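Subject: Structure for your review

Dear colleague,

Please find below the structure I am handing over to you, together with its sequence. My findings follow directly after it.

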Amino acid sequence: MKKLLLPLAIAAALAAPGIASADEAAAKSNGCLKCHSVDKKKDGPAFKDVAKKYKGKADAEAKLTTFLSKGGKVKVDGQEEDHKVVKGGDAAVAGSIAKWILSL
Ligand code: HEC
């Protein structure tokens with residue numbers, strides 16, 4: 001049942017305005033877009049700025065995959081917090097989102 005629901009959730013998110021790809025839909029369903037957007041700074045940096053920061057760095061994808069599956073510390077309003085990870089710490093989902101962010 002779970003296997004069937006995920007594609008449906010992605011299809012529903014894709015139908016939403018402004019959602020351009022399955023990876024963006026995954027970012028949305030994992031709550032990432034509450035703090036990030038593709039091209040505007042919110043609580044977190046714009047994903048395009050993250051892509052810029054990591055441009056040309058060979059280990060960028062591996063680093064972000066770990067960050068998004070295992071977590072890391074970030075500063076929110078001057079306070080150190082644990083950054084959110086994808087649901088269940090799923091490395092495949094984290095890797096896919098990491099790749100997408102770096103492609104922006
Ligand atoms: C509660 C708000 C919040 C949520 C939810 C959130 N983030 Fe973040 N994220 C931040 C903040 C704040 C930073 C930047 C912290 C800093 O610069 O130290 C950040 C940084 C990042 C970075 C850059 C890391 C780096 O090394 O430069 C990436 C990539 C990222 N987030 C992706 C995601 C993804 C994908 C999700 C969903 C699984 C997500 N974020 C959910 C607040 C959030």
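In this predicted model, a nitrogen atom of the ligand is 2.8 Å from an N or O atom in the side chain of His-36. His-83 makes a comparable approach: one of its polar side-chain atoms lies 2.7 Å from a ligand nitrogen atom. For Tyr-54, the partner is an oxygen atom of the ligand, at 2.4 Å from a polar atom of the side chain.

The two histidines also serve the metal. His-36 and His-83 are the protein donors of the ligand's iron atom, each through NE2, lying 1.9 Å from it. They come from distant parts of the chain, 47 residues apart: His-36 belongs to the loop between α2 (22-29) and α3, and His-83 to the loop between β2 (79-82) and α5. The iron atom has 6 donor atoms around it, and the arrangement is octahedral because these subtend angles of 86 to 180°.

As to the wider surroundings, the ligand sits in the largest pocket. A shell of 22 residues surrounds the ligand, and Cys-32, Cys-35, His-36, Tyr-54 and His-83 are the closest. By class, 14 of the shell residues are nonpolar, 4 are polar and 4 are charged.

Four elements, α3 (47-54), α4 (60-70), β1 (73-76) and α5 (91-102), each supply at least two residues of this shell. The greatest contribution is that of α3, with 4 residues.

Yours sincerely

Methods: Residues numbered from 1 in each chain as written. Predicted model: local features only at pLDDT ≥ 70, side-chain atom pairs only at ≥ 80, totals over all residues. Heavy atoms only, no water. Near = heavy atom within 4 Å. Polar contact = N/O pair within 3.5 Å; in protein donor to acceptor, adjacent residues only side chain to side chain. 1 Å grid on protein atoms, 1.4 Å probe; cavity = no way out; pocket = protein on both sides within 12 Å on 5 of 7 lines; lining within 4 Å. Sits in = over half its atoms within 2 Å of the grid points. Nonpolar A, V, L, I, M, F, W, Y, C, P; charged D, E, K, R; others polar. Donors = N, O, S within 2.8 Å, 3.2 Å for Na, K, Ca; no water. Tetrahedral: all angles 85-135°; square planar, octahedral: opposite > 155°, others 65-115°.
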